[in-house]
Amino acid sequence: MGDVKREFRKCTWVEKSKTNEDAHIVSELITKEDGTVVRQIRIIENYKRPYFVTKPFYRKRHVSKIEYEDVSRVERVECTDSDAVKVLSSKLGIRGKLNMRRVKMSPYLYWGDMRASTIIKRIYNSKLTGTFTPYKVCMLDIEAGVIDSVISLVTVSMDDHSVCFINKQWMGDVETKAFTQAVYDAYSRDAPDVESVIDGVVTLTDGSSYTIELIYCRHEGEVIERSIGLTHEWRPDILTAWNALYDMSKLVSRAKEAWGMDPVDLFSDPSIPRHLRRFSIKEDNNDYKRMNSGKESFVDFHQRWHIFTSTSYYTILDNMAAFYYIRNGSESGVAGGYGLDNILDNYMKFKKLKPDIPEVEGLDKATWNMVMSEKYKPEYAAYNIFDSKSMILLDAKTKDLTINLPLLSQDSEFDIFKSGPRRLLDSYTFFLLDNDKVVGTKSPLMEQWEGLGTKDWIVTLDAWKKGFKNTFKTFKHIDKLRGNLRLLTTDLDIISSYPFQTLMFGLGTTRTSRELLDIEGFEQAYFTKHNLGLCTGRVQALTYCSSMLNLPTAFELKDYIDKKGIDNILDKAKTE
């Protein structure tokens with residue numbers, strides 16, 4: 001039976017080592033002719049991806065980097081990413097201590113910023129026939145002790161099914177059947193829009209339903225192992241949590257330190273050979289980001305894009321950050337912040353499950369969790385289940401993770417979704433290739449040197465909204481009544497923003513043949529001030545020339561004329 005569709009879901013690169021070859025582990029979604037869907041993992045060893053190097057004959061054309069080059073002037077070099085430094089250094093004639101940083105400094109290297117995994121995704125996408133299949137998302141939520149950090153509850157939810165793994169050591173000496181019923185009662189009483197919970201079937205007020213299941217584990221280690229094991233069994237396309245760094249870091253630390261589990265094995269798909277398994281968390285710890293203006297702004301927690309690398313079928317990401325960056329282009333922000341409770345209130349018109357217990361009213365978050373975990377365990381379990389399920393309900397409405405994130409990413413991978421310019425560069429790279437050109441490689445030195453920068457520049461936006469005189473008179477004889485039609489509009493773009501997939505063709509710099517970067521002896525602010533005036537047309541020629549070109553000032557000219565005499569000066573000018 002043939003395949004109808006073969007869709008890309010994820011690609012993880014495993015660098016060549018003593019124990020393994022260069023490998024790319026690809027998650028595929030295959031749709032058969034009869035509609036059967038198969039989720040499988042494909043291992044591609046020693047994939048040779050393309051780089052491009054300027055042919056020796058054309059290298060004298062430029063000594064600095066250029067934005068792109070014609071394919072007729074470059075040589076295609078194919079090698080694995082693991083062998084790239086060695087192969088490209090040889091082609092470029094680089095000697096000495098070799099690393100990718102040195103290779104990227106060459107003005108004759110192209111596609112040096114493109115990863116093989118991105119190229120693989122592009123190949124899959126270019127061959128895709130039929131409609132795009134929305135992603136499957138699994139929502140995870142954990143509860144851990146405020147003081148001892150012991151994990152008591154882990155709930156995973158996907159589609160219409162939620163499974164809560166309960167640590168019996170935390171639960172205490174309670175009969176499981178009675179505890180289960182107490183959880184059902186608390187859920188039906190406190191979860192929004194719930195009509196009843198009978199034998200795990202949750203019936204809502206609108207007649208729809210979903211299921212919740214409770215699984216009792218002997219200890220914390222079993223809770224961790226079985227909950228993550230279920231995610232591998234389900235094989236969603238995305239595994240996520242709200243503020244995933246907390247949940248994933250807690251699972252990793254408890255598994256490793258308390259139970260001797262290797263996180264690499266825990267978060268790797270069981271079908272992956274052990275020598276190819278990988279797992280890591282790269283935290284986004286940048287408290288401040290530096291703007292082009294030179295100013296720094298604080299990076300809020302929901303703006304941090306942590307990268308979770310795992311040889312699992314699914315991609316692990318933070319639901320909170322994804323929610324922010326997917327909507328950042330169209331929304332200014334959510335009043336009240338990006339906590340799950342506030343987001344649910346704003347978008348779903350309900351909040352997290354909070355039992356009506358007088359003792360915990362008004363407590364701070366940490367104390368509330370501590371009291372609930374110690375005294376109201378069934379209600380706490382119901383709270384944990386709904387936290388996980390509420391994210392499923394939220395995404396069912398917004399379609400952020402199932403549809404929006406994959407479509408907005410296009411050919412780029414999720415780990416760079418935070419960066420609009422990097423995603424735009426991926427699209428620009430493939431666009432140029434379709435037009436027989438290859439994009440250049442960014443030099444590592446550009447991260448240290450920003451040229452003139454834009455510090456002390458004056459930026460005015462929405463210039464068309466300012467002023468009154470250039471608006472069109474609706475009635476000729478009524479000057480005060482104006483329309484919104486402008487007779488003349490000018491705009492000076494000093495810094496351009498990068499929308500998701502627009503202005504691609506405005507990124508080029510080759511239309512600028514020469515650019516004045518600096519004048520020796522002038523301070524940057526002084527240089528910027530006068531040239532900004534020149535651009536906007538508000539400049540007096542004598543002042544500009546005397547300031548920037550060291551020509552005489554108006555006062556110096558007057559003194560010269562008074563001293564020499566105007567007639568003598570004019571006569572001399574005629575003879576010359």
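## Helix α12, mostly under cover

Let's start with helix α12, where 19 of the 22 residues are buried, making it mostly covered. This is a predicted model, and one thing you can check in it is the length of that helix. At 1.5 Å a residue, α12 should span 32 Å, and its end C-alpha atoms are indeed 32 Å apart, so the two values agree. Just after α12 comes Lys-399, which takes a positive phi of about 60°.

Which residue in α12 pairs up with Trp-170? That's Tyr-380: α12 covers residues 377-398, while Trp-170 belongs to helix α4, residues 168-171. The two partners are 210 residues apart, so the pair links distant parts of the chain. Their rings are 6.5 Å apart, centre to centre, with 50° between the planes, and the pair counts as tilted. Are Trp-170 and Tyr-380 buried or exposed? Both are buried.

## Rings and charges

That pair has company: a search of the whole structure turns up 22 aromatic pairs. There is also an aromatic cluster made up of Trp-242, Trp-305, Phe-323, Tyr-324, Tyr-325, Tyr-338, Tyr-347 and Phe-417.

Phe-417 shows up again with a charge for a neighbour: the charged end of Arg-423 sits over its ring, 4.4 Å from the centre. Something similar goes on at Tyr-210, where the charged end of Lys-389 sits over the ring, 4.2 Å from its centre.

## A buried aspartate in a loop

Now have a look at Asp-284, in the loop between β15 (279-282) and β16 (288-290). Buried means under 20% relative accessible area. Asp-284 has 8%, so it counts as buried.

What does Asp-284 touch, once its neighbours within four places in sequence are left aside? Its contacts are Gln-303, Arg-304, Trp-305, His-306 and Lys-418. Of these, Trp-305 is also a member of the aromatic cluster. As for Gln-303, its C-alpha lies 9.1 Å from that of Asp-284, and the two residues are 19 apart in sequence.

## Two more positive phi angles

Most residues other than glycine have a negative phi. Here are two that go the other way. Asp-159 has a positive phi near 55° and lies in the loop between β9 (151-158) and β10 (161-167). With a relative accessible area of 39%, Asp-159 is partly exposed.

Arg-235 isn't a glycine either, yet its phi is positive, at about 50°. You'll find Arg-235 in the loop between α6 (220-234) and β14 (238-241). Its relative accessible area is 17%, so Arg-235 is buried.

## The whole chain

Stepping back, the chain has 18 helices and 22 strands. Of its 576 residues, 44% count as buried, and the chain exposes about 31,800 Å², with carbon and sulfur atoms supplying 52% of that area. Among contacts between residues at least 6 apart in sequence, 63% join residues at least 24 apart.

## How far to trust it

The mean pLDDT of the chain is 86, and 81% of the residues reach 70 or more. Where does pLDDT stay under 50? Residues 448-464 are one such stretch, with 25 contacts beyond four places in sequence in the model. Residues 492-508 are another, with 36 contacts of that kind. Where pLDDT is low, the predicted coordinates should not be read in detail.

Terms used. Residues are numbered from 1 along each chain as its sequence is written. This is a predicted model: local features need pLDDT of at least 70, side-chain atom pairs count only at pLDDT 80 or more; totals for chains, interfaces and linings use all residues. Side-chain values use heavy atoms; hydrogens and water are left out. Rings of Phe, Tyr and Trp (its six-membered ring) pair if their centres lie within 6.5 Å; planes under 30 degrees apart count as stacked, over 60 as edge-to-face and the rest as tilted. Helices (H or I, at least four residues) and strands (E, at least two) are DSSP runs, numbered from the N terminus. Buried means under 20% relative accessible area, exposed over 50%, partly exposed in between (1.4 Å probe, protein chains only). A charge sits over a ring if NZ of Lys or CZ of Arg is within 6 Å of the ring centre and within 35 degrees of the ring normal. pLDDT is the predictor's confidence in each residue, from 0 to 100. Contact means heavy atoms within 4.5 Å. The expected span of a helix is 1.5 Å times one less than its number of residues. Accessible areas come from the Shrake-Rupley method with a 1.4 Å probe; for residues, only the protein chains shown count as cover.
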